[in-house]
Structures are given as C-alpha cells and as structure tokens.
Amino acid sequence: MLLSLESIGLKAKEMSTTIGVDIGGTKILALALSSEGKILLERRISSPPRSKGPGALFEGLEAVCKDLLSSLIDDGISDIGAVGIGAPGLIDRNGVMSYAPNLLGAVRVELRTELERRLEGIPVVVDNDATLATIAEHLLGAGGEALNLVMVTLGTGIGGGIVSDGKIRRGAHGFAGEVGHMVVVRDGILCTCGNHGCWEQYASGSALGRIGREAAVRGRAKAAVAIAGGDPTAVTGEHVTAAALDGDRDSIELLEEVGSWLGLGLSNLANLLDPDILVVGGGLIEAGELLLRPATATFQEMLEGGRMRPKPPIVAATLGERAGAIGAALIARENPPLSFS
Ligand SMILES: [Zn+2]
C-alpha cells in the first residue's frame, strides 16, 4: 500500500508522474514513477569519474533526465510533476551539495538550481540518497507499519536515514543520519572524509573489498581472487560476496567480520533511537543472511540491556538498488505538477 507523504511529515501536492534519480559512487540510476507508484521506465549510466568534477556529473544527470522525459512524452504521459535527485553526502534544504566525500570531495555544488536551469524549468528537489531510500522503504518496502525505523545503506560508504515517531528526520540543516562517519575506532583507518576510524571504513561494501584484498595478498580467499580474474589486489566487496554465496569459507569469514562491525554500529544507533526495526540496504545486502546473521549476533550482544528489552529485528531492504531512486521520485511529489504538451 502506498502511504501518503503526509504520514511521515512531508507535504504532497497533486499526484503526478515523477522522475527519481539516485547518484551513486559507481552508477546513476533513474526511473519514472507513476502516481500509483509503478515504475514506468528505467535508465542507468555509469557515474562520471570523480576527477572530471561537477560538470561531468551535471551532463550525465541532464542527459538521463531528458532521455526519460522524452520517452515519457513519446508514450503519451504528460502529467510529469518534477524530478527528485538523491545524492550522497551533506545535502542542505536548498538542494546544495555541501560535502560529498564519496562522490566529489569537498565541494559546494548547486545541484537543484543548476539542474532546474538545464531541465528548462522542471522543478527539481534534491535530498540525501539514504534519506530517500529510507522514505521509500518506509512507505513501500521493508518498513511495514513501523513508526520508528533506522535504515543504513551499505555501498561505497554507509548512508543512514531515520524515521522517528512516524516522521522522517532531517535535522537542523538536512544533514541528519550521516551514520557512516560515526567514529568507532579512535585513530583507526583513514576515511574519505579526513577523519580516522569512521564506521564506513569497517562495515561498508568498500570495507569488505579492503579486507578481502588484505586476505587475498596473504594467500587466502582464493575463490574471490579467481572471480576477480586472478589478481589479489583487484578483489572488491562484490567478488567476496559472490564467493561467499558460492560457499567459500574464507569469504564467509570476511563477511562475518564486516557483519560484526555492522552489528556494533547498529547497536549504537538502537541505543540512541530505540527503533522498531533496522533496515539494511545498499549493494552489500546482496550477501543476505551471511551478513545479517553475524550482524544480529553482535547487535544483540552489545545492545544496552539486551536481555531485558524487545530486540528490534535487522532486516534486508526489499526495494533493492532502486530504493534511492524510488524515494527521489516520491519526494518529487512535494512539488506542484507541471504539464507538458
Ligand atoms: Zn568519515
């Protein structure tokens, strides 16, 4: 059932077809969502390399949005309301990307105004990618009826989103939920944000890739190395996950290590926010129970008074890699519709 945006404290105007775009570290996924919540069209392109800067990112976004818009119009769909964009990092309430360590680094990019200019006046809304994935999972996915939900997305980094007492939480500036940069090891591994010991250096897809390569150069995780084409230094989190799903013992152990770090961070979040449910999404959730089982074990061990309280379940997101783009399309309904002829 499609719950209303009002139910989580957002304002929605007239329902219309909207476009949602999720900017990831490796790919940009865009889709058109009907007013009934059905995916009408989908496009994906590779994210431009970080070295090419914001200009290349804007070109990619403009091309993918215009492609979807013209396809919709060709299909006779003219009630296109707005475009929603999800981006990693600190996105303020005016749609300015203030800081995106896993995408462009320390930049100030006027995402909303520049895209509205390029899309010739179509309203654009921009929000944090994990916040949008949380909205989508809460309304259409794994969230169920939960009024208190914490979501984490495990990919290049770790994004987070919070629904508290039924409302999506954005904080004073729109920056709430940057859980990947909670420091869990003082003076630990250097993070892309410049700090040391951030949670995403231990529990993300990138973290699995790092420990996978470390194991591989010591002669372990041979199945993952084989999937990587024989080069131990080319092993990624995806290779380790694929090998683990094939039953490779070393790779399963690597996922147990990352899963345990995941449980540690989730217990901190549950101590802070007391959720009904914790939802785990992003590319790394492809590992399924191989990740969630060790995460749940550590979580229950570390949660304050764990034996004396209800234990919130840790579940996999159900919208998969589309959660962010669906959330972006949903948030675009906050804008008034615009008609095309
Ligand atoms: Zn960090």
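This briefing describes selected features of the structure, grouped by topic. The model is predicted. It contains a zinc ion whose protein donors are His181, Cys191, Cys193 and Cys198. An open sheet of five strands follows the order β3-β2-β1-β4-β8, and an open sheet of three strands follows the order β5-β6-β7. One aromatic pair is present, and two residues other than glycine, Ala221 and Asp274, have a positive phi.

**Zinc site**

- The zinc ion is bound through ND1 of His181 and through the SG atoms of Cys191, Cys193 and Cys198, at distances of 2.0 to 2.4 Å.
- The arrangement is tetrahedral, because the angles subtended by the four donor atoms run from 106 to 120° and thus fall between the limits of 85 and 135 degrees that apply to four donors.
- Along the chain, the donor residues follow the spacing H-x9-C-x1-C-x4-C.
- Among the donor residues, Cys191 and Cys198 are both buried.

**Five-stranded sheet**

- The pairing in the sheet ordered β3-β2-β1-β4-β8 is mixed.
- Its edge strands are β3 (residues 39–46) and β8, each of which pairs on one side only.
- From one strand to the next, the twist averages 15°.
- Strands of a sheet pair through backbone hydrogen bonds, in either a parallel or an antiparallel sense.
- Strand β1 (residues 17–23) runs parallel to β4 and is joined to it by five bridges.
- Two facing positions illustrate the contact with β4: Gly20 stands opposite Gly84, and Val21 stands opposite Ile85.
- Strand β8 (residues 124–128) also pairs with β4 in the parallel sense, over five bridges.
- Ile85 has Val126 as its bridge partner in β8, while Val21 stands opposite Ile85.
- Strand β4 (residues 80–87) is largely enclosed by the rest of the structure, because eight of its eight residues are buried.
- The edge strand β8 is likewise largely enclosed by the rest of the structure, since five of its five residues are buried.

**Three-stranded sheet**

- The sheet ordered β5-β6-β7 has antiparallel pairing.
- Strands β5 (residues 90–91) and β7 (residues 109–110) form its edges, and each pairs on one side only.
- Strand β6 (residues 96–99) is joined to β7 by two bridges, and the two strands run antiparallel.
- Val96 has Glu110 as its bridge partner in β7.

**Aromatic pair and the charge over Tyr202**

- The structure holds one aromatic pair.
- It is formed by Tyr202 and Trp261, whose ring centres lie 4.5 Å apart; the pair is tilted because the planes meet at 35°, an angle that is neither under 30 degrees, as for stacked rings, nor over 60, as for edge-to-face rings.
- The pair links distant parts of the chain, with Tyr202 in helix α4 (residues 200–203) and Trp261 in helix α8 (residues 249–273), 59 residues apart.
- Tyr202 counts as buried because its relative accessibility is 9%, under the limit of 20%.
- Trp261 has a relative accessible area of 24% and is therefore partly exposed.
- Arg210 lies over the face of Tyr202, at 5.9 Å from the ring centre.

**Positive phi outside glycine**

- Ala221 has a positive phi of about 50° although it is not a glycine.
- Ala221 belongs to the loop between α5 (residues 205–217) and α6 (residues 222–227).
- With a relative accessibility of 1%, Ala221 counts as buried.
- Asp274, which is not a glycine either, has a positive phi of about 50°.
- Asp274 lies in the loop between α8 and β12 (residues 277–281).
- Asp274 counts as exposed because its relative accessibility is 52%, over the limit of 50%.

Methods
Residues numbered from 1 in each chain as written. Predicted model: local features only at pLDDT ≥ 70, side-chain atom pairs only at ≥ 80, totals over all residues. Heavy atoms only, no water. Phe/Tyr/Trp six-rings, centres within 6.5 Å; stacked < 30°, edge-to-face > 60°. Helix = DSSP H or I, 4+ residues; strand = E, 2+ residues; numbered from the N terminus. Buried < 20%, exposed > 50% of the residue type's maximum accessible area, 1.4 Å probe, protein only. Lys NZ or Arg CZ within 6 Å of the ring centre and 35° of its normal. Donors = N, O, S within 2.8 Å, 3.2 Å for Na, K, Ca; no water. Tetrahedral: all angles 85-135°; square planar, octahedral: opposite > 155°, others 65-115°. Pairing = 2+ DSSP bridges. Axes fitted to C-alpha atoms, helices over the stretch in contact; angles between N-to-C directions.
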